[in-house]
Amino acid sequence: MKEAVLYEKLAHLSVHCYLCNHHCRIANQQFGFCGVRQNLEGVLYTYAYGNVVAAHIDPVEKKPLYHFLPGSNSFSIATLGCNFRCAFCQNWEISQQSFKSGSNIGEEEFSPSDIAQEASRSGCRSVSYTYTEPTIFFEYAYETAQAAQAKGLRNIFVTNGYMTKECVNMIKPYLDAANVDLKFFSDESYKKICAGSLSPVLDSIRLMKELGIWVEITTLIIPGENDSRDELSAIAHFIAGIDKGTPWHVSRFHPDYKFNKYAITPDSTLKEALSIGLEAGLDFIYIGNASGWGSDTFCPFCKKLLIKREYFNIMEYNIKENKCIYCGAKVPGEFGY
């Protein structure tokens, strides 16, 4: 166990956790909503520190990040737990486990310096905190990000965006990029399906952009839940209102977890989302989980092909010093393939 950050002590040995927007008030001996932070005699502890349940070398495009060090590998780690209860989660075997329920699925302990050293040794250019929600293992991610930065590595959060402004501000000096899941544009859907709410996610996206963290946004399109033209248009216009150069990843849904009887997202819906994004003025819209189309990057000015991708592999690259080699327009993001 390790003492948690971003909490305050209250009367009667209770505590207020303000790491994420559940703002749990936790009585003595009880756990927060996440199931990994426990109040013991008025001190909040995390069980997620160093207990790695997944560690892989992934293409950074798998996060997905298409405008941040494309073509590089990212050392990707996770621990148990989540502060959402998404009924469609595709990593539910680890995200929906918790220390509160006594889960132990063979996690291994690695220090932050162990992770940074292994990432550097394996030739990765970044460390990604992913698969489950990095906010839940924030203390571990924070110290690992410090160790990674000291070795010249970049840091990436793949997140549901439900962290508080205090959390975002604390990680900001070490966090270079984030992919934020914007799952719905309906507070009711967030509450019903994820046990969360919409506005804190929007606030996190705005704050990350203001702080200079590179942001890309992913929406998993679930038939019958968030695939209406109105909802997709609302998401696209929200992104465009912040920055039209922010990439929007529109991903195909596959049945999983409690949504195992839902249909797969048809191509027609993905193409409609692409059209909606373009109508909203977005410069970069990508289609995820669809083979053979929707993953290439084009210059928004001269319309020439900048990056051709097959799966997560770069087949053609026409960016130099963050500029289109054809017309010289600046391409938002961080390149250098």
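A salt bridge, as the term is used here, is a side-chain nitrogen of Lys or Arg within 4 Å of a carboxyl oxygen of Asp or Glu. With that in mind, here are some close-up views of this predicted model.

**View 1. Aspartate 267 and arginine 252 form a salt bridge.** The closest N and O atoms of this pair are 2.6 Å apart. Aspartate 267 belongs to helix α8 and arginine 252 to strand β15, so the contact ties together parts that are 15 residues apart in sequence. Look at the surroundings of each partner, too: aspartate 267 is partly exposed, with a relative accessible area of 33%, while arginine 252 is buried at 12%.

**View 2. Lysine 308 pairs with aspartate 296 in a salt bridge.** Here the closest N and O atoms are 4.0 Å apart. Lysine 308 sits in strand β18 and aspartate 296 in the loop between β16 and β17, so this pair links parts that are 12 residues apart in sequence. Lysine 308 is partly exposed, at 31% relative accessibility.

**View 3. Lysine 183 meets aspartate 181 in a salt bridge.** The closest N and O atoms lie 3.5 Å apart. Lysine 183 counts as buried because its relative accessibility is 11%, under the 20% limit. Aspartate 181, with a relative accessible area of 23%, is partly exposed.

**View 4. Asp58, Lys62 and Lys63 are joined into one network by salt bridges that share partners.** For the wider setting, the model has 15 salt bridges by this rule.

**View 5. The largest pocket has a volume of about 1,300 Å³.** Its lining counts 46 residues, and Lys62, Lys63, Pro64, Gln90 and Asn289 lie nearest the centre. Several strands, β12 (154-159), β13 (177-181), β14 (214-221), β15 (248-252), β16 (285-288) and β18 (305-310), each supply at least two lining residues. Of these contributions, β18 gives the most, with 3 residues. Sorted by class, the lining of the largest pocket holds 16 nonpolar, 19 polar and 11 charged residues.

**View 6. The second largest pocket holds about 310 Å³ of space.** Sixteen residues would be a long list to label, so start with the ones nearest the centre: Leu278, Asp283, Phe284, Ile285 and Phe298. Helix α8 (267-279) and strands β16 and β17 (297-298) each supply at least two residues of this lining. By class, the lining of the second largest pocket comprises 10 nonpolar, 3 polar and 3 charged residues.

Key: Residues are numbered from 1 along each chain as its sequence is written. This is a predicted model: local features need pLDDT of at least 70, side-chain atom pairs count only at pLDDT 80 or more; totals for chains, interfaces and linings use all residues. Side-chain values use heavy atoms; hydrogens and water are left out. On a 1 Å grid over the protein atoms alone, a cavity is a set of points where a 1.4 Å probe fits but cannot get out, and a pocket is an open set with protein on both sides within 12 Å along at least five of seven lines; lining residues have an atom within 4 Å of a point. Grid points are joined across faces, edges and corners, and a volume is the space filled by probe spheres set on the points. Helices (H or I, at least four residues) and strands (E, at least two) are DSSP runs, numbered from the N terminus. Ala, Val, Leu, Ile, Met, Phe, Trp, Tyr, Cys and Pro count as nonpolar, Asp, Glu, Lys and Arg as charged, and the others, Gly among them, as polar. Buried means under 20% relative accessible area, exposed over 50%, partly exposed in between (1.4 Å probe, protein chains only).
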